[in-house]
Amino acid sequence: MVHQFGDFQNVVYAEALKGIASRYPFDYPSIEEKAAKALPDWVYRYVSSAAGDGRTQRANVEAYSRYGIIPRMMTSPPERDLSTVLFGKKVDVPIFMAPIGMIGLCSPDFHGDVAAATAAGATGVPYCLSTFSQTRMEEVVPHAGGTPVFFQLYLPNDRELAASFIQRAESSGYSGILLTVDSWTLGFRPNDLVIGNFPQFRGFCMQNYYTDENFLKHLSKPPEEDIAPAQRHYATVFAKPLDWEDLDWIRTQTTLPVAVKGIQHPEDARKAIDHGADVIYVTNHGGRQVNSGVPTLQLLPDVLKSAGTTPVVFDSGVRSATDALIALALGATAVGLGRPYAYALSYGGAESLTHYLRGFLAELDLCMAVAGFKDLEELREAGVVRVTG
Ligand SMILES: Cc1cc2nc3c(=O)[nH]c(=O)nc-3n(C[C@H](O)[C@H](O)[C@H](O)COP(=O)(O)O)c2cc1C
């Protein structure tokens, strides 16, 4: 069945005729503004902060305005097919929710992982659960219904714990492992440093660790009785300085597809594929790690060339469906949403996030419609145009 995501727009207009105004905004600036009011200051600060002076975060966002698409006329596709293949599974939408440690804190009930999975179930937008989760991984995945959920792995510096995370993800129904390779240590984030804002050290979003016997066996007391030993042990196991042999090892631990998240250089894409990656994930962590100043959108074409037939997914700086469309037109298999969905969760939990995702999909679908592309293949064939030098 082909979903017409654009129909959401008609529902909104029809409700307005009955005097029912939309409860939630549709544009990114209003979404961020509402989140800044709804979230506790330290949570908003954590989500919005970036490495260094934030130039990479800004460059990510600004990059999209240098690209455009030339619409085609008299081809008016009455139905659009936005489906793609993600981790070997056909999905109806070419977007997904990227892993956000602390998403648990972004929902008013502080169970944002469950709320995000619920919104995934309601919209068909796949969700990636971070290693840092307020709710243990086993309890999150059932809320997504049949929508795929992926598990993002920060590889612990303890093989038993690492193997356990992977096995737990596999046995509880996750559809793939995303190995994050750009954050084996924390980037320098002045806006958090100034108030010493690192929620994990205060025990937030640690449920995957605190429910794992391979973590608990190293503690003198359980975390709920004494948090200090848990904090100390966490600091020793997060995270392993990575090398390519770690990817070889992960491959021996699971039959699930593995994506390598954090690739920016074409040679790293090649190496990841040589070491068994099923998917390349181009991202700079939303400018939170290396403050390079280089937007990921600019790096995507060379990585695509190097990856050949291996699927490449992408994120960083996507703030509207038009941004996603450009990355898809360049050749990304699917595009990840980051901060915007964390903000959309903050003022109404699963309900406001579902509204946001429906709006995003409607915009994407309607962009395809008015530009004259019936599916992603046609969009890719049309390609993108660089607007400015
Ligand atoms: C608050 C926050 C927490 C994040 N936590 C994780 C994480 O736990 N694992 C991970 O791989 N990436 C994490 N990321 C990076 C996102 O997956 C994604 O790459 C990034 O948000 C994209 O940039 P954008 O938000 O500017 O679009 C985090 C990003 C933010 C903003």
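# Reading the terms used for this structure

User: What classes of residue make up the shell around the ligand, and how many fall in each?

Analyst: In this predicted model, the shell around the ligand holds eight nonpolar, twelve polar and four charged residues. Glycine is counted among the polar residues in this scheme. Of the 24 residues around the ligand, those that come nearest are Ala98, Gly101, Ser130, Gly286 and Gly338, and the elements that give two or more residues to this shell are helix 3 (41-48) and helix 4 (55-63).

User: Why is Phe87 called buried or exposed, and where does Phe87 lie?

Analyst: A residue counts as buried if 20 or more other C-beta atoms lie within 10 Å of its own. Phe87 has 24 such atoms within 10 Å, and therefore it is buried. Phe87 belongs to the loop between strand 2 (84-86) and strand 3 (89-91). The backbone of Phe87 also has a phi near 50°, which is a positive value in a residue other than glycine.

User: How do you know whether Met102 is buried or exposed?

Analyst: The threshold for a buried residue is 20 or more other C-beta atoms within 10 Å. Met102 has 20 C-beta neighbours inside 10 Å, so Met102 counts as buried. Met102 sits in the loop between strand 4 (95-97) and helix 5 (112-123), and although Met102 is not a glycine, its phi is positive, at about 85°.

User: What makes Asp81 partly exposed?

Analyst: The term covers residues that fall between the buried class, with 20 or more other C-beta atoms within 10 Å, and the exposed class, with 12 or fewer. Asp81 has 17 C-beta neighbours inside 10 Å, and therefore Asp81 counts as partly exposed. Asp81 is part of the loop between strand 1 (67-68) and strand 2, and from C-alpha to C-alpha Asp81 and Val335 are 16 Å apart in space, while 254 residues apart in sequence.

User: Why is Pro257 given the class that it has, and which residues does Pro257 touch?

Analyst: Pro257 has 18 other C-beta atoms within 10 Å, so Pro257 is partly exposed. Its place is in the loop between helix 12 and strand 8 (258-263). Leaving aside residues up to four places away in sequence, Pro257 touches Phe87, Gly88, Gly176, Asp278 and Val279. The C-alpha atoms of Pro257 and Gly276 are separated by 9.3 Å, and these two residues are 19 residues apart along the chain.

User: What is said of the peptide bond from Phe238 to Ala239, and where does Ala239 lie?

Analyst: The bond from Phe238 to Ala239 is cis, with omega near -15°. Ala239 lies in the loop that runs between helix 11 (227-237) and helix 12 (244-253).

User: Why are helix 15 and helix 17 described by the word they are given for their crossing?

Analyst: Two packed helices are described by the angle between their axes and the distance between the axes. For helix 15 (residues 321-330) and helix 17 (residues 349-371), the axes come within 8 Å and cross at roughly 55°. That angle is not under 35 degrees, nor over 145, nor within 65 to 115, and therefore helix 15 and helix 17 are oblique to each other. The crossing of helix 15 with helix 17 is right-handed. Ala321, Thr322, Ala324 and Leu325 of helix 15 meet Phe360, Glu363, Leu364 and Cys367 of helix 17, and the residues of this contact divide into six nonpolar, one polar and one charged.

User: What makes helix 16 and helix 17 oblique?

Analyst: Helix 16 (residues 339-346) packs against helix 17 at an angle of about 135°, with the axes 7 Å apart. An angle must be over 145 degrees to count as roughly antiparallel and 65 to 115 to count as roughly perpendicular. Helix 16 and helix 17 are therefore oblique to each other, and helix 16 passes helix 17 in a right-handed crossing. The contact involves Tyr341, Ala344 and Leu345 of helix 16 together with Gly349, Ser352, Leu353 and Tyr356 of helix 17, and its residues divide into five nonpolar, two polar and no charged.

User: How do you know whether Gly349 of helix 17 is buried or exposed?

Analyst: Gly349 has 21 C-beta neighbours inside 10 Å, so Gly349 counts as buried. Not counting residues up to four places away in sequence, Gly349 touches Ser107, Pro108, Asp109 and Ala115.

Conventions:
Residues numbered from 1 in each chain as written. Predicted model: local features only at pLDDT ≥ 70, side-chain atom pairs only at ≥ 80, totals over all residues. Helix = DSSP H or I, 4+ residues; strand = E, 2+ residues; numbered from the N terminus. Near = placed C-beta within 6 Å. Axes fitted to C-alpha atoms, helices over the stretch in contact; angles between N-to-C directions. Left-handed = near helix turned anticlockwise from the far one by under 90°. Contact = placed C-beta atoms within 7 Å.
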